[in-house]
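Here are a few short exercises to work through with the model open beside you. Try each task before you read its solution.

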Amino acid sequence: MSRFNHPLLLGAALAALAASAAFAAGPDLGAVSQQATNWPAIGMFGFFVIFTLGITYKAAMGTKSAADFYAAGGGISAGTNSLAIAGDYMSAASFLGISGLVYTSGFDGLIYSTGFLVGWPIVLFLIAERLRNLGKFTFADVASFRLDQTSVRIISAIGTLVVVAFYLIAQMVGAGKLIQLLFGLPYLYAVIIVGVLMIVYVAFGGMKATTWVQVIKACLLLGGASFMAGAVLFKYGFNPEALFSAAVATHPKGDAIMAPGGLVNNPIEAISLGMGLMFGTAGLPHILMRFFTVSDATAARKSVFYATGLIGYFYILTFIIGFGGIALLMSDPVYFKLGPAGAFDKLKDMIGGTNMVAVNLANAVGGPYFLGFISAVAFATILAVVAGLTLAGASAVSHDLYASVIARGRTNEASEVRLSKISAVVIGLVAIYLGYIFENQNVAFMVGLAFSVAASCNFPVLTMSILWRGTTTWGALIGGFVGLFAAVGMVVLSKAVWVTTFGNPVAIFPYDNPALFSMPLAFLTIFIVSKLDNTARGKRERAAFEAQFVRSETGIGADGAHAH
Amino acid sequence: MTDPMTARIAQNPRFKELVHERTRFGWILTGAMLVVYFGFIGLIAFDKALLATKIGTPTTSLGLILGVAVIVFAFILTGIYVQRANGRFDDLTAELIRDLGR
C-alpha cells in the first residue's frame, strides 16, 4: 500500500484488486527479493496438486459430450455450485488485499467488501434464472437467443476474451510475485507451474475438474480463514470490542481506523467504483458460466443465495483478520524490516508488504506449518481462478467463434470440444508468455479494467437482450462495442495508465473508474440504435421476443444440459 | 417450441400472474439493494462524521455496524427472494405446466 499515497490512485489500485492477485502481488511486491525456499508450503501445495490431478483424471473419464465439457453435464448441485461461485470470488486478492487494506486503513476495507458482495443480489433478481432457462454453455447463447448468431456471438466472444485476457495477465503476474515471496521459487517457475496446471485441469477435466478444483480450494480457504479469525477472537475472549480497542491502541492512526478515511473522497468516483464492482460481477464470463452447470432455475437461485452467504461470511472473516493483524502484529518487530536502531514504520515496513498481513498472522496464530498451509492455499486460489478464466476463454473461442461464426453450425460436438481443448492449451501458453513479459509492468489496473469491460459490454448486451423486447442485433452489436471501447478508452486515458504507465503529466479522463459513464453509454446506444433499426431483421427479432420471454420466465423448453 | 404453444402460454392467466408478480418483486428488491448500498456509499462520501459516531461502546463506530449490516442485508434479501421464488413462483410455474398439459 505504501506506494499509493494519493487517495484516487489508491482507489484505482483497489478497484483493480477486485478478484485478483494483481493487487495482492503486483505493485506492492514488485521489488521483493526471493525468499528462502519454504518446504512445508511446497509440500502442502504438492499434495493439493496431486489430489486435484486425481479429480481431473476422474472428471476426464466422465467427460464425453460437449455438455460435459462446458457445463459439467448440468450435474452440479446447488450447494457445490455455490462453493464454486464463492471460490471464483474469494481470490488471493480478496483474502490478502482486503486484509491488508483493513490493516492499513481499518474501516475503509469494508467499503470494498460491501461493493463486491452487493452485485450478487442483482445477479439473482434480474439474471440468474433467466440465464439458466435460456442458455446452454455460454452467456452468448442467451444474448443471441433471438438475435443474429454471428454478430452477437462476435461481440460476446470479444467481450469475454478481453475480460479473460486482462484478468489472466493480472493473475499470472500476481501468481509469479506471490509464489516468489511465499514459496521462495523463481518468478518464471511459478508462472510455468500455474500455466501448465491450468491447461491440464481445463483441457482434460473441462468444467467438472475446474469446478471441483474451485470447490476444494474454497473449502480450504474458508477453513483456514475461519481458523485464523477464530484464533484472533479467542485471544480477545470472543469480544470484538476488546479486539477493536486493542487495534485502536496500537494503530498509528488511532481511533480514525474505526471511521471512513481517505479512500472515498470524491462522490462521483465512489459511485462509479460501486457500479463497476456491482455490475461487473454480473458480466464476468467465468461466473456466468456457472449458472449452466446446475440442473434448473431453482438450483441456480439457491446457488446464488448460498454463495452470497459464503462470500459475506468470508469478507467478515477478512475484516477480523485485518484487525487481528493490527492488534497482534503491529507492535512486534519480528514482522518488520527494521531500520537503524530497530525503528520501523508500522504501515510501510511489514516484511513482504502489507498484503502479507494474513500470511504473517497465520504464523503468529498457528506457527510455521499453518503459515505453510495458508501459503499453499493462496497458490491454490490463483490456480483455481485462472482455470475458470481459461475455460471461459476456451468456450468463447470454440463454442461462440468457431462453431457459430466460422463453421456456422457445420460442425459436430466432437470437433467443437477438441477445438476447445486446443484453445485451452493455446490460452495457457499465451498466458505463460504474457506473464513472462509483463513481469515488471504495473498490472494493477488490469482487473479493474476487466470489471469495467464486463459491466459496460457484457452486462448491457446480456440484460438488454433478455429484458427488453425492442433490442435488435444492430443495437446489441453497436452498443456492445461502444461500451467496450468506452471502458477501455477511459481506463487508458485515466491516471492509472496515462500517467503511471505512459508517464504523461496529467490524466485526460479525470476518474479512475469508468463504469458510471461507460455503462449508461452502452445501454443508451443499444436503446437508440435498436429504436432506429427499421430493418426487416430488426422487426423479426422484436417479434421473436415473445418466445424467448416465455421460455426465460418459465423454463419450458429449456436445455436440460445434462445428457444423462 | 412452436409458435402456437408460445401464444398459448403467453395468453395463460397464470403466466401473466407469474410474470407480473416476479418482475415486480425482482425490481422492488433490486431497488432496495441499490438504495441501501448507494446510501451507504453516499454517507461515506458526504457525512463521514456521522459514521464515526460511537454507539454506546467505547470503540465500535456506527459505520462499522452499518457496513456489516449492508453485507447481512444483501444476504437476507437474496434469502427472501429465493424463498418466494422456490415456493410461490415455482408453484405457479408448475400449475402453468399442468394447465398446458390439459
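## Exercise 1: Where the two chains meet

This is a predicted model, and the area buried between chain A and chain B is about 4,500 Å², with carbon and sulfur atoms giving 78% of that.

**Task.** Find out how many residues of chain A are in contact with chain B, and which elements of chain A they come from.

**Solution.** Start with the count: 52 residues of chain A are in contact with 51 residues of chain B. Next, look at the polar side of things, where 11 residue pairs, both at pLDDT 80 or more, are in polar contact between chain A and chain B. Now sort the chain A side by element: those giving two or more residues are H7, H8 (119-134), H12 (240-250), H13 (267-281), H15 (297-329) and H23 (545-554) of chain A. The largest share comes from H15(A), with 10 residues. Finally, sort by class, and that side of chain A turns out to have 31 nonpolar, 12 polar and nine charged residues.

## Exercise 2: A salt bridge across the chains

**Task.** Work out why the salt bridge of Arg301(A) and Asp90(B) joins two chains.

**Solution.** Begin with the totals: the whole structure has 17 salt bridges over all chains, and four salt bridges are found between chain A and chain B. Then zoom in on Arg301(A) and Asp90(B), whose closest N and O atoms are 3.1 Å apart. Arg301(A) lies in helix H15 of chain A, while Asp90(B) lies in helix H4 (residues 62-101) of chain B, so the pair joins two chains. Check the surroundings too: Arg301(A) has a relative accessible area of 2%, so it falls under the 20% cut-off and is buried.

## Exercise 3: One arginine, two partners

**Task.** Which residues form salt bridges with Arg88(B), and what do the pairs tie together?

**Solution.** Take Glu17(B) to begin with: its salt bridge with Arg88(B) has the closest N and O atoms 2.8 Å apart. Glu17(B) is in helix H2 (residues 13-46) of chain B and Arg88(B) is in helix H4 of chain B, so the pair ties together parts 71 residues apart in sequence. Now take Glu21(B), whose side chain meets that of Arg88(B) in a salt bridge (2.7 Å, N to O). Glu21(B) also lies in helix H2 of chain B, so this pair ties together parts that are 67 residues apart in sequence. As for accessibility, Arg88(B) is partly exposed at 34%, and Glu17(B) is partly exposed at 33%.

One more step: look for salt bridges that share partners. They join Glu129(A), Arg130(A), Arg301(A), Glu553(A), Arg22(B) and Asp90(B) into one network.

## Exercise 4: Inside the nonpolar core

**Task.** Which residues touch the most other members of the largest nonpolar core?

**Solution.** The core has 198 residues, and Phe95(A), Met228(A) and Phe323(A) touch the most other members. Helix H16 (residues 357-406) of chain A gives the most to this core, with 24 residues. Follow Phe323(A) outward, skipping its neighbours within four places in sequence, and you'll meet contacts including Val102(A), Leu243(A), Phe244(A) and Ile257(A). Then look for a second, separate core: this one has 10 residues, among them Phe549(A), Ile556(A), Phe15(B) and Val19(B).

## Exercise 5: Thr381(A)

**Task.** Is Thr381(A) buried or exposed?

**Solution.** First place it: Thr381(A) lies in helix H16 of chain A. Its relative accessibility is 1%, so Thr381(A) counts as buried. Beyond four places in sequence, Thr381(A) touches Met90(A), Ser91(A), Ala92(A), Lys217(A) and Leu221(A).

Conventions
Residues are numbered from 1 along each chain as its sequence is written. Chains are lettered from A and ligands numbered from 1 in the order in which they are written. This is a predicted model: local features need pLDDT of at least 70, side-chain atom pairs count only at pLDDT 80 or more; totals for chains, interfaces and linings use all residues. Side-chain values use heavy atoms; hydrogens and water are left out. Contact means heavy atoms within 4.5 Å. Buried area is the accessible area (1.4 Å probe) that two parts lose on being put together, summed over both. A polar contact is a pair of N or O atoms within 3.5 Å; within protein, one must be able to donate a hydrogen and the other to accept it, and residues adjacent in sequence count only if both atoms are side-chain atoms. Helices (H or I, at least four residues) and strands (E, at least two) are DSSP runs, numbered from the N terminus. Ala, Val, Leu, Ile, Met, Phe, Trp, Tyr, Cys and Pro count as nonpolar, Asp, Glu, Lys and Arg as charged, and the others, Gly among them, as polar. A nonpolar core is a set of buried Ala, Val, Leu, Ile, Met, Phe, Trp, Tyr and Cys residues joined through side-chain atoms within 4.5 Å. Buried means under 20% relative accessible area, exposed over 50%, partly exposed in between (1.4 Å probe, protein chains only).
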